[in-house]
Amino acid sequence: MNLYTGKLLVVDLSTKEISTEPLRKEWIRQYWGSWGLALRYYWDAVTPEVDPLSADNAIVIMTGPFSGTLVPLTSRLSLVSKSPHTGTIFTSNVGGAFGPELKYAGYDGLIIKGASDSPVFLKIVDDEVSLEDASDMMGKGIFETEECLEDVVGEIGAKTLAIGPAGEKLITYSMIGSESYRQFGRSGTGALFGSKNLKGVVCKGSQSIAVADMPKFIERVTHHKTENLFTEDNLWANSDGTAVLVDVTNEMGIHPTKNYSAGISERKETLNSDAVKAAKISDRACSGCPLACGKFTKIGETEVEGPEYETLCLGGSNCDVHDLEAIIKFNRVCDDLGLDTMSCGSTISMAMEMTESGRHDFGIRFGESDEYLKLVEEIAALSTDRGRDLALGAKRLAVKYDSADMSMEVKGLEVPAYEPRGNYGMGIAYATSERGACHLRAFPIFSETPFEIEALVDEVIESQNFNGIKWSMCYCDFWGSINTEITADLLSVGLGEEVTAAELDKAGERIWNLSRLFNTKNGFGAAEDSLPEKVLKNPLRKGPNAGKTFDPEDFSVALNSYYKKRGWDEQGRPGTEKLAELGLDQI
């Protein structure tokens, strides 16, 4: 098959059976790859009420049609499952090179079922696939585990997925690491591997990817790189990295500070791109990427790739920690132990506010960087009462201590580093995301109308549909100017058959609605499309948006408008006509 291998790897950890199956060709032009195809396969693999941490749950990992080809910024890989942190369906994606390597080994995707009765890892070397004993790796951090996995294959270029102690202990915001500094970061991917006694996966491939017309494919790839990728819209990723957003969000007044109490940080210069550049020792790129957005930094004896914007904010200013060395340490420890820096940093900032307010004393206050580094270790090891409490995440911690007014989460997923009181579009995006608060579904922070509801609803819907296809193609988010016209052109040449932008636009909407359909069958509806109490009731204290809330009446208007424009009913359920239009009425 052109652009695809045409084959999936299926692993049943309960029976230790390993098999392959042909890719469902009739699904390709409906879902295309990565997020879309993984979602469709997951729909058939489980029932919506499945316990995420049970053997009955499945994990679907999928590449995209451009993975392993010359198309730049397409090395990402999607994982679809049900989140142990939120109970929703979700997709997480990771950069690096594992996606292309899996395809070079001959597989478009990997479906993991069941649960092993003892620790194992999955070894993939082309068509030689086996489950191996991982007992000696248990308790090890991700960095050391990856070295062990690479040694097993014994070949340069083997790529890995691995969990650390946090995943083994089923902490619901633990994550899967890849190549040390890439992560399936949000929604508890590490706990999914841990629940299946799967310590990791190592992959080495030697095959190639076919395209219909290689000379023309090269010509079109070169054209779009020159005319669209290498422009000011995208080159910031190379020159500054995501740390540039520290200044941007402060200027907009949407930079979360001290557990989302203010929209600006008065010490932003300690964490902005200039500060990160001063600590930078080298750049790093994902497979096939000319932008090299990764920035290796080192202060003292600690080195890490990053910190990225979300970590600089949620592990930095939102905790009132402005010591870049401490944040680099926080980043590295989370990456090694297997904790999502966003959920971890956000939960710690909540504990700081609870302590200072007298709600509950966790022995940590804003700005106490030494204490917060200790706390990360305690969370991953579940070694103290406060560590076990904070391992619950913001939503469950709020329930335990009656502190919903201090919790910043949607559907259980901690809010990213863009303050919704300063941009209503981000609030609409957070509330309607399938996995909970997420900035990778829609990102309207640059809207010229940050408080005009109808325009923002339109922008969010358009972005969500587009990102359905963007993540299915495995594009990196930093090709910000990519569109379905370019994608259709590349697919047409690569496949040797005509693909239209309209067809891709419809596929993105189909993917979004199928995710929604799963959640509604799992009990999620309008009541769960909510925003934190703090956002709706507590005004921001500082910055250009000081005094702002997302007025509850305005939010209700926004949600109703969103449902109507989506073709959903008042409870947020996709309507019969919309399902028929998208071909989802048959499933």
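Trainee: Contact means heavy atoms within 4.5 Å. Which helices cover the buried residues of helix 22?

Mentor: The cover includes helix 17 (424-432), helix 18 (453-472), helix 20 (501-521), helix 21 (533-537) and helix 23 (576-581). Helices are DSSP runs of H or I with at least four residues, strands are E runs of at least two, and both are numbered from the N terminus.

Trainee: How far can I lean on that?

Mentor: This is a predicted model: local features need pLDDT of at least 70, side-chain atom pairs count only at pLDDT 80 or more, and totals for chains, interfaces and linings use all residues. Residues are numbered from 1 along each chain as its sequence is written, and side-chain values use heavy atoms, leaving out hydrogens and water.

Trainee: OK. Which residues of helix 22 are buried?

Mentor: Phe555, Ala558, Leu559, Ser561, Tyr562, Tyr563 and Arg566. Buried is under 20% relative accessible area, exposed is over 50%, and partly exposed is in between (1.4 Å probe, protein chains only).

Trainee: What comes just after helix 22?

Mentor: Glycine 567, with a positive phi of about 80 degrees.

Trainee: Switching topic: why does histidine 224 count as buried?

Mentor: Because its relative accessibility is 8%. Histidine 224 sits in helix 7 (residues 214-229).

Trainee: What does histidine 224 touch?

Mentor: Leu229, Trp479, Ile486, Asp489 and Leu490, if you skip residues up to four places away in sequence.

Trainee: And the nonpolar core? How many residues are in the largest one?

Mentor: The largest has 144, and Trp32, Leu339, Ile348, Tyr372 and Ile379 have the most contacts inside it. Another core, of 29 residues, lies apart from it, with Phe90, Ile124, Ile163 and Phe184 among its members. A core is a set of buried Ala, Val, Leu, Ile, Met, Phe, Trp, Tyr and Cys residues joined through side-chain atoms within 4.5 Å.

Trainee: What is tyrosine 372 in contact with?

Mentor: Neighbours within four places in sequence aside, the contacts of tyrosine 372 are Gly315, Cys319, Val321, Ala326, Ile327, Phe330, Ile348, Met352 and Ile364.

Trainee: Now the sheet. In what order do the strands run?

Mentor: The six strands of this open sheet are ordered 2-1-6-3-4-5, with mixed pairing. At the edges, strand 2 (17-22) and strand 5 (89-94) each pair on one side only. Two strands pair if DSSP finds at least two bridges between them.

Trainee: In which sense do strand 4 and strand 5 pair?

Mentor: Antiparallel, over six bridges, with strand 4 spanning residues 77-82. Serine 78 stands opposite asparagine 93 of strand 5.

Trainee: Which strands does helix 2 lie across?

Mentor: Helix 2 (residues 34-45) lies across strand 1 (7-12), strand 2, strand 3 (59-62), strand 4, strand 5 and strand 6 (109-113).

Note on methods
Axes fitted to C-alpha atoms, helices over the stretch in contact; angles between N-to-C directions.
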